[in-house]
Amino acid sequence: MARDARVDSYIDQAAPFAQPLLRHLRELVHATVPDLGETLKWGMPHFTHKGKNLAGCGAFKEHAAFMIHGDGRQDEGMGQFGKIKALSDLPSDAEIKARLLAARDRLDSPIKKKAAPTTKAKADIAVPDDFLTALSPKAQSFFDELAPSYRREYLEWVTGAKRAETRLKRIAQAAEWLAEGKKMGWKYEGC
């Protein structure tokens with residue numbers, strides 16, 4: 001594909017130490033994955049494969065950065081290769097090519113990996129005896145029928161009290177609301 005003149009301009013305006021780095025990386029990316037698109041994204045040169053981000057590079061005052069999208073490796077928040085000040089700071093061209101080809105293959109793959117869930121399941125909260133004792137049979141029945149998340153809200157509210165007086169007030173209030181068939185936060189339902 002045609003080269004983007006804005007990328008040429010970006011490289012020409014970069015610090016003198018960064019210009020050979022950026023030119024080398026640009027040529028390496030194009031030689032490895034033919035028919036790439038070029039564009040500026042986030043103010044830096046990026047290379048796209050079938051419209052999707054494959055790699056990008058950028059120049060700063062004292063270093064350059066190179067990132068391969070989806071590579072999963074990070075170093076100092078500056079892409080996968082850290083702060084690059086000279087060509088010698090880069091791994092071999094063969095390693096970069098292999099990682100670029102792997103990124104291209106990920107983009108071409110019809111099977112997308114699902115991201116691992118970022119939240120861990122919360123541990124169960126034991127129902128305190130003083131809470132159970134305060135519940136009427138009607139309140140107990142409603143509490144038992146609630147979804148685990150709604151039970152957790154009540155239990156976190158009660159057990160989160162720092163003072164004994166506050167805990168007793170919360171238990172009394174919870175017992176009243178549960179007897180009336182109200183979930184925690186019932187005041188905000190239908191708003």
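**View 1. The chain as a whole and its exposed surface.** The chain exposes about 11,800 Å², and carbon and sulfur atoms supply 55% of that area. The model shown here, as in every view below, is a predicted one. Of the 191 residues in the chain, buried residues make up 37%. When contacts between residues at least 6 apart in sequence are considered, 48% of them join residues that are at least 24 apart.

**View 2. The order of helices and strands.** The secondary structure of the chain comes to seven helices and four strands. A reader who follows the sequence from its start meets these elements in the pattern α-α-β-β-β-β-α-α-α-α-α.

**View 3. The largest nonpolar core.** This view is centred on a set of 30 residues that form the largest nonpolar core, in which Leu-22, Leu-54, Phe-66, Ile-96 and Leu-100 are the residues with the most contacts inside the core. At least two residues of this core come from each of helix 1 (5-13), helix 2 (18-32), strand 2 (44-49), strand 3 (52-59), strand 4 (64-68) and helix 3 (93-108). Helix 2 gives the most to this core, its share being six residues. Apart from this set there is a second, separate core of 15 residues, which includes Leu-155, Ile-171, Ala-174 and Ala-175.

**View 4. Thr-32 and its contacts.** Thr-32 lies in helix 2. With a relative accessibility of 11%, Thr-32 counts as buried, because buried means under 20% relative accessible area. Once its neighbours within four places in sequence are left aside, Thr-32 is in contact with Lys-97, Leu-100 and Leu-101. Of these partners, Leu-100 is also among the residues with the most contacts inside the largest nonpolar core.

**View 5. The second largest pocket and its lining.** The pocket in this view, the second largest, has a volume of about 170 Å³. Its lining is made up of Asp-124, Ile-125, Val-127, Phe-143, Pro-148, Ser-149, Arg-151, Arg-152 and Leu-155. Helix 6, which covers residues 148-159, gives the most to the lining of this pocket, with five residues. By residue class, the lining of the second largest pocket divides into five nonpolar residues, one polar residue and three charged residues. Leu-155, which belongs to this lining, is also one of the residues included in the second, separate core of 15 residues.

Note on methods. Residues are numbered from 1 along each chain as its sequence is written. This is a predicted model: local features need pLDDT of at least 70, side-chain atom pairs count only at pLDDT 80 or more; totals for chains, interfaces and linings use all residues. Side-chain values use heavy atoms; hydrogens and water are left out. On a 1 Å grid over the protein atoms alone, a cavity is a set of points where a 1.4 Å probe fits but cannot get out, and a pocket is an open set with protein on both sides within 12 Å along at least five of seven lines; lining residues have an atom within 4 Å of a point. Grid points are joined across faces, edges and corners, and a volume is the space filled by probe spheres set on the points. Ala, Val, Leu, Ile, Met, Phe, Trp, Tyr, Cys and Pro count as nonpolar, Asp, Glu, Lys and Arg as charged, and the others, Gly among them, as polar. A nonpolar core is a set of buried Ala, Val, Leu, Ile, Met, Phe, Trp, Tyr and Cys residues joined through side-chain atoms within 4.5 Å. Buried means under 20% relative accessible area, exposed over 50%, partly exposed in between (1.4 Å probe, protein chains only). Contact means heavy atoms within 4.5 Å. Accessible areas come from the Shrake-Rupley method with a 1.4 Å probe; for residues, only the protein chains shown count as cover.
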